[in-house]
Amino acid sequence: MTPHRSALHIDELAAALREQTAAFAAAAGADPETPVPTCPQWVLRTLVGHIGQAHRWSAAIARSGQPSPVPDPLTADPGSPDAWPGWLREGAEDLIDAVGDGTRPVWTFFGESPARFWLRRMLADTTIHRADAAITTGRPHDIPADLAAEIITEGLELLTSPAAPQVRESLAALRGTGETILLRATDGPSWLITRAPTGPTFTSEDTTATVTATATTQDLLWLFTRRLDLSDPRITTTGDVTPLDDWLARTAL
């Protein structure tokens, strides 16, 4: 079996980024100094600043093709809260314009890739942080199953890349002795992660695993990104949860 591949066309990625950016702006409508429980030491203003800053930073890379220093979200200035929706929208549109048809080779942390990498990466980041904003302000954060599947696949592609430990040294600890983790969606695909001695891999195979986590695709995404705990009743687990629990701990940011 082969790994999942991106199921969303470039136009669908752009449309989803617009939608999730708007939803993020709506969810962030509260006191700018409200602490964000899922991003310790951040407040809403920092979260908003990070998204707008990240969109503009990745747009610059997509446009030039060259690397740029990772910006510090604490230095981002999103302006007054009433200007947040427009500022965020402008950043998303800048990225969409810079990526274009997504085929131009550009720099990424994992080596040269088509520019669509940055649109996909920022869609994932925006969607996850949209959930953070919604959790902070008590708003819903449901997303379509196909979008959740796209983000899980994108995340696994990054975490199982041979270059991942060079980007973040701690990811070398995702190697194992053959333990397998099955993420089984009740409304979508499955992802089988193998923690091999040479590094983790994943396929779309649905088979017996060391541990299986079953839930909707959306809830698997929130588990995968640690916005849901493994003990949450929406997640059903069978087998030895140790490899999954360890995976989640080691991929936390």
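This is a short chat about the aromatic pairs in a predicted model.

Reader: How many aromatic pairs does the structure hold?
Author: Seven. Keep in mind that the model is predicted.

Reader: Take Trp57 and Phe109. How far apart are the ring centres, and at what angle are the planes?
Author: The centres of Trp57 and Phe109 are 6.0 Å apart, and the planes sit at 35°. That angle is neither under 30 degrees nor over 60, so the pair is tilted.

Reader: Where do Trp57 and Phe109 lie?
Author: Trp57 is in helix 2, residues 44-64. Phe109 is in the loop between strand 1 (105-106) and strand 2 (113-114). The pair therefore ties together parts 52 residues apart in sequence.

Reader: Is Trp57 buried or exposed?
Author: Trp57 is buried, at 11% relative accessibility. Phe109 is partly exposed, at 35%.

Reader: Switching pairs. What about Trp107 and Trp118: stacked or edge-to-face?
Author: Stacked. Their planes are at 20°, which is under the 30 degrees cut-off, and their ring centres are 6.3 Å apart.

Reader: Which parts does that pair of Trp107 and Trp118 tie together?
Author: Trp107 lies in the loop between strand 1 and strand 2, and Trp118 in helix 4, residues 116-137. Those parts are eleven residues apart in sequence.

Reader: And accessibility for Trp118, buried or exposed?
Author: Buried, with Trp118 at 1% relative accessibility. Trp107 is partly exposed, at 24%.

Reader: Last one. Which residues do ring pairs link into a cluster?
Author: Trp57, Trp107, Phe109, Phe110, Phe117 and Trp118.

Methods. Residues numbered from 1 in each chain as written. Predicted model: local features only at pLDDT ≥ 70, side-chain atom pairs only at ≥ 80, totals over all residues. Heavy atoms only, no water. Phe/Tyr/Trp six-rings, centres within 6.5 Å; stacked < 30°, edge-to-face > 60°. Helix = DSSP H or I, 4+ residues; strand = E, 2+ residues; numbered from the N terminus. Buried < 20%, exposed > 50% of the residue type's maximum accessible area, 1.4 Å probe, protein only.
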